[in-house]
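Please have a look at the fold shown here, and let us walk through a few of its side chains together.

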Amino acid sequence: QVQAVESGGGLVQAGGSLRLSCAVSGSPGIINNMGWYRQAPGKQRELVASITSGGRTNYADSVKGRFTISRDNSKNTVYLQMNRLEPEDTAVYYCNLKPYFLLEVWGQGTLVTVSS
């Protein structure tokens with residue numbers, strides 16, 4: 001079956017950078033939309049950034065100008081470059097994808113902790 005596995009999380013000081021990767025395995029076929037969500041303790045899961053198969057991107061207001069989402073269709077991988085990280089960015093980050101002909105897939109999550 002199709003799986004998504006995140007990597008790249010960790011502990012970083014405020015102002016630092018991290019790059020998250022999400023590798024998709026299996027046979028997803030056409031992936032219409034890929035995105036990154038995050039969930040902080042006691043908070044609802046929220047959309048951070050998304051990217052369509054055509055390359056159109058969408059960002060949460062809180063990360064605009066700091067985060068960049070990209071995808072490599074040949075590798076079925078989506079990335080999230082996170083710059084100028086803030087303590088408020090601390091959360092578990094989840095990869096999400098929607099294959100055109102299959103059910104939505106979520107990764108297991110990767111923890112990002114930003115210290116002040």
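What follows is a short tour of some residues and their neighbours. Please keep in mind that this is a predicted model.

Let us start with Arg38. You will find Arg38 in strand S4, which covers residues 31-39. Is Arg38 buried or exposed? Its relative accessible area is 6%, and because buried means under 20%, Arg38 counts as buried. Which side chains does Arg38 meet through polar contacts? One is the side chain of Asp89, joined to that of Arg38 by a polar contact of 2.9 Å. Another is the side chain of Tyr93, where the polar contact is again listed at 2.9 Å. Leaving aside residues up to four places away in sequence, Arg38 also touches a set of residues that includes Gln44, Arg45, Glu46 and Val48. Ser62, Val63 and Phe67 are among them too, as are Glu88, Ala91 and Val92.

The contact with Tyr93 takes us to another strand. Tyr93 is part of strand S9, made up of residues 91-99. With a relative accessibility of 0%, Tyr93 is buried, so here a buried tyrosine side chain has a polar contact with the side chain of Arg38. Try following the backbone as well: 54 residues separate Tyr93 from Gln39 in sequence, while their C-alpha atoms are 6.6 Å apart in space. Beyond residues up to four places away in sequence, the residues that Tyr93 touches include Glu6, Leu20, Trp36 and Tyr37. Val48, Phe67, Leu80 and Met82 are also among them, and so are Gly109, Thr110 and Val112. If you compare the two sets of contacts, you will find Val48 and Phe67 touching Arg38 and also touching Tyr93.

Arg45, one of the residues that Arg38 touches, is worth a stop of its own. Over which rings does Arg45 sit? Arg45 lies over the face of Tyr94, at 3.8 Å from the ring centre. The charged end of Arg45 also sits over the ring of Trp106, at 4.7 Å from the centre of that ring.

Finally, let us turn to rings that pair with one another. The model has two aromatic pairs. One of them is formed by Tyr100 and Phe101, with 5.0 Å from centre to centre. The planes of these two rings stand at 75 degrees, and the pair is edge-to-face because that angle is over 60. Are these partners buried or exposed? Tyr100 is exposed, at 52% relative accessible area, and Phe101 is exposed as well, at 68%.

Notes: Residues are numbered from 1 along each chain as its sequence is written. This is a predicted model: local features need pLDDT of at least 70, side-chain atom pairs count only at pLDDT 80 or more; totals for chains, interfaces and linings use all residues. Side-chain values use heavy atoms; hydrogens and water are left out. Helices (H or I, at least four residues) and strands (E, at least two) are DSSP runs, numbered from the N terminus. Buried means under 20% relative accessible area, exposed over 50%, partly exposed in between (1.4 Å probe, protein chains only). A polar contact is a pair of N or O atoms within 3.5 Å; within protein, one must be able to donate a hydrogen and the other to accept it, and residues adjacent in sequence count only if both atoms are side-chain atoms. Contact means heavy atoms within 4.5 Å. Rings of Phe, Tyr and Trp (its six-membered ring) pair if their centres lie within 6.5 Å; planes under 30 degrees apart count as stacked, over 60 as edge-to-face and the rest as tilted. A charge sits over a ring if NZ of Lys or CZ of Arg is within 6 Å of the ring centre and within 35 degrees of the ring normal.
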